[in-house]
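Hi,

Here is the structure I said I would pass on. Have a look at it first, and then read on for what turned up when I went through it.

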Amino acid sequence: MADNFEKLECWKKCFELKVFVKERVLVPLPASEKYDLHSQLLRASRSATANIAEGWGRYHYKENIKFLLNARGSVAEVLGHGLEA
């Protein structure tokens, strides 16, 4: 097991997704989407890495799995919004 959540491959990929969303998706969004889609995409992308980190910090593996499933849901949310945009 990794000695730090930042060494987990799933966390690294979600971090890359978060950076991509912040730099390549949110910047060109029209001003009319600033408080709706912009906010939702930013929160969902942040949630993925946060859930992986929180799950890593849990003692029981079943708790860890719960947070990993939440992270997967956040990634799906980001992807779903990407299809709408």
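Let me start with one residue: Phe67 sits in helix 3. Bear in mind that this is a predicted model, so treat what follows accordingly. Phe67 is buried, because its relative accessibility is 8%, under the 20% cut-off. Phe67 also has a partner from elsewhere in the chain: Asn51 is 16 residues away in sequence, yet the two C-alpha atoms are 5.2 Å apart in space. Asn51 is itself one of the buried residues of helix 2.

Now the overall picture. The chain has 3 helices and 0 strands, so in sequence order the pattern reads α-α-α. The C-alpha trace spans about 45 × 20 × 20 Å along its principal axes. Of the 85 residues in the chain, 26% are buried.

Helix 2 deserves a closer look. Does its length add up, or what should it span? With 20 residues at 1.5 Å each, helix 2 should span 28 Å. The C-alpha atoms at its ends are 29 Å apart, which agrees with that figure. Its buried residues include Leu37, Leu41, Leu42, Ala44, Ser45, Ala48, Thr49, Ile52, Ala53 and Gly55.

Several of those names come back in the nonpolar cores. The largest nonpolar core has 7 residues: Val21, Leu26, Leu37, Leu41, Leu42, Ala44 and Val78. Helix 2, which runs over residues 37-56, gives the most to this core, with 4 residues. Apart from it there is another core, of 5 residues, and Trp11, Ala48, Ile52 and Ala71 are among them. As background, nonpolar side chains in soluble globular proteins tend to be buried together.

Trp11 also leads to the aromatic rings. A search of the whole structure turns up 3 aromatic pairs. One of them joins Phe5 and Trp11: the ring centres are 5.6 Å apart and the planes are at 70 degrees, an edge-to-face pair. Why does that angle count as edge-to-face? Because 70 degrees is over the 60 that the label requires. Ring pairs also bring in Phe15 and Trp56, linking them with Phe5 and Trp11 into a cluster.

The two rings of that pair sit in different accessibility classes. Trp11 is buried, because its relative accessibility is 11% and buried means under 20%. Phe5 has 23%, so it counts as partly exposed. Phe5 is in the segment before helix 1, and helix 1 covers residues 9-25. For a sense of distance, Phe5 and Leu41 are 36 residues apart in sequence and 23 Å apart in space, C-alpha to C-alpha.

On to the charges. How many salt bridges does the structure hold? There are 4 salt bridges. One of them is between the side chains of Asp3 and Lys7, at 3.1 Å from N to O. Asp3 is exposed, because its relative accessible area is 56%, over the 50% cut-off.

Arg58 takes part in two of the contacts listed here. Its side chain meets that of Glu54 in a salt bridge at 2.7 Å, N to O. Arg58 also meets Glu63 through the side chains, at 3.3 Å from N to O. Shared partners thus join Glu54, Arg58 and Glu63 into one network of salt bridges. As for accessibility, Arg58 is partly exposed at 33%, Glu54 is partly exposed at 39%, and Glu63 is partly exposed at 29%.

Last, something on the outside. Tyr61, Ile65 and Leu69 form a nonpolar patch on the surface, and together they have about 330 Å² of accessible area. Leu69 belongs to helix 3, which covers residues 61-84. Leu69 has a relative accessible area of 45%, so it is partly exposed.

If you only click on a few things, I would go for the edge-to-face pair of Phe5 and Trp11, the network of Glu54, Arg58 and Glu63, and the surface patch of Tyr61, Ile65 and Leu69.

Cheers

Definitions and conventions:
Residues numbered from 1 in each chain as written. Predicted model: local features only at pLDDT ≥ 70, side-chain atom pairs only at ≥ 80, totals over all residues. Heavy atoms only, no water. Patch = residues over 30% accessible without salt bridge, like charges linked within 9 Å, V, L, I, M, F, W, Y side chains within 5 Å. Areas by Shrake-Rupley, 256 points an atom, 1.4 Å probe, with all protein chains shown as cover. Helix = DSSP H or I, 4+ residues; strand = E, 2+ residues; numbered from the N terminus. Buried < 20%, exposed > 50% of the residue type's maximum accessible area, 1.4 Å probe, protein only. Core = buried A, V, L, I, M, F, W, Y, C linked by side-chain atoms within 4.5 Å. Expected span 1.5 Å × (residues − 1). Phe/Tyr/Trp six-rings, centres within 6.5 Å; stacked < 30°, edge-to-face > 60°.
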